[in-house]
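Let's take a friendly walk through a protein model together. Please have the sequence and the 3D view open as you read.

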Amino acid sequence: MSRSSKVNILSDKLINATNLRKSFDQFIAVDNIDLSVSRGEVVGFLGPNGAGKSTTMKMLTGFLEPDNGQIFINNINLKSDPLKAKEYIGYLPEGAPSYSDMIVADFLSFIGKMRGLSNNSLSNRLEEMANQINLKEMWNRPIETLSKGFKRRVGIAQALIHDPDILILDEPTDGLDPNQKHEMRKLIKRISTNKAIVISTHILEEVEAVCSRAVIIAKGKLLANDTTKNLENKFLNKNTLSIKVSNKINNVISKDIKSLIKYDEVKIQKTDMSTYTILVSENNKVPNLNTVLKQINKLKLDVIEANFQKLSLEEIFRTITSDNNSK
């Protein structure tokens, strides 16, 4: 029976892992990580090389057994009932391994049969994969002759062939060109409504584009687990005010602004064709927003936005992981 034809009545928390630990000899790859993912969530799994991302994903999918901890897949214990639990999972491993001597159509048909799809369901899903993943032009070619990007697409198709409730994708857009990455992100967003998806990626733009939550690990430890918006709010740079105005700022106005605003540093940046941003900062002190706005109003500038500067997700990632590395 196709996964798409099964009615899931168990739980919206499709992944629930607690106290996961994995070591290789003396090296601790994963150190007591908790991770839960609900239906409708796309979680970006972030960390520097060697952080433990792939090891965690292998444990979540049953390819590695944790030294400690428990994993429940749709309320099914992965250790005690692995075959039942794995019915709900689609997995793209690191490097997108496959049987390279098989042609694309035969490989995906083989995977579909292994997943228990009936002939009619399999035929429909193969057609959907050819169209959704843009594999038509490579459909009858041996996998070993494909580019890295097309091999990655075949790997994603095999993870999706049985329409699983859970997708674990290790670097899903690695090797894809910009247009292919855009299409893959659109696909992930489109199918995410009724699935729990975990994406390991080094591309922070990808997390901002498709993920509802970011999980950051380093040296096997969980460092952050929150929505990207909440992370941005937690890492507000409260020593820098960002004030956007809808006026053109020439050299004369720029000098007037800097002479009026009595803070350590005042920077003026052109935001786009019609707006400029004034950045006001003070060492070890929070600038007073009301005072700065009064000073700017004296110059008859039209303020359209004023807040403390937010770090980008990339800056947040660097801050969190570098703090951990310094310990």
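We will begin with confidence, then visit one residue, and finish with two pockets.

What you see here is a predicted model, so a good place to start is the confidence score, pLDDT, which runs from 0 to 100. For the protein chain the mean pLDDT is 88, and 94% of the residues reach 70 or more. Among the elements of the chain, strand S4, covering residues 68-73, has the highest mean pLDDT, at 97. At the other end is helix H11, residues 313-325, with the lowest mean among the elements, 77. Now look at the beginning of the chain: over residues 1-10, pLDDT stays under 50. The model has 23 contacts beyond four places in sequence for residues 1-10. Here is a helpful habit to learn: where pLDDT is low, predicted coordinates should not be read in detail.

Next, let's find Thr201. You will meet Thr201 in the loop between strand S8 (196-200) and helix H7 (204-210). Is Thr201 buried or exposed? Its relative accessibility is 3%, and because buried means under 20%, Thr201 counts as buried. Who surrounds Thr201? Setting aside neighbours within four places in sequence, Thr201 is in contact with Phe45, Leu46, Glu171, Glu206 and Val207. With Glu206 there is also a polar contact, made between the two side chains at 3.1 Å.

Now we turn from a single residue to empty space. Rolling a probe the size of a water molecule over the atoms shows where such space is left. The largest pocket holds about 360 Å³ of space. It is lined by 14 residues, and those closest to its centre are Phe63, Tyr91, Pro93, Arg115 and Gln158. Strand S6 (89-92) and helix H3 (104-114) each supply at least two residues of this lining, with H3 giving the most, three residues. What classes of residue make up the lining of the largest pocket? There are nine nonpolar, three polar and two charged residues.

The second largest pocket has a volume of about 280 Å³. Its lining has 15 residues, and Glu65, Pro66, Asn77, Leu78 and Lys79 lie nearest its centre. Two elements give two or more residues to this lining, namely S4 and helix H2 (82-86). You have already met S4 as the element with the highest mean pLDDT; here S4 provides the largest share of the lining, four residues. By class, the lining of the second largest pocket has six nonpolar, five polar and four charged residues.

Technical notes: Residues are numbered from 1 along each chain as its sequence is written. This is a predicted model: local features need pLDDT of at least 70, side-chain atom pairs count only at pLDDT 80 or more; totals for chains, interfaces and linings use all residues. Side-chain values use heavy atoms; hydrogens and water are left out. pLDDT is the predictor's confidence in each residue, from 0 to 100. Contact means heavy atoms within 4.5 Å. Buried means under 20% relative accessible area, exposed over 50%, partly exposed in between (1.4 Å probe, protein chains only). A polar contact is a pair of N or O atoms within 3.5 Å; within protein, one must be able to donate a hydrogen and the other to accept it, and residues adjacent in sequence count only if both atoms are side-chain atoms. On a 1 Å grid over the protein atoms alone, a cavity is a set of points where a 1.4 Å probe fits but cannot get out, and a pocket is an open set with protein on both sides within 12 Å along at least five of seven lines; lining residues have an atom within 4 Å of a point. Grid points are joined across faces, edges and corners, and a volume is the space filled by probe spheres set on the points. Ala, Val, Leu, Ile, Met, Phe, Trp, Tyr, Cys and Pro count as nonpolar, Asp, Glu, Lys and Arg as charged, and the others, Gly among them, as polar.
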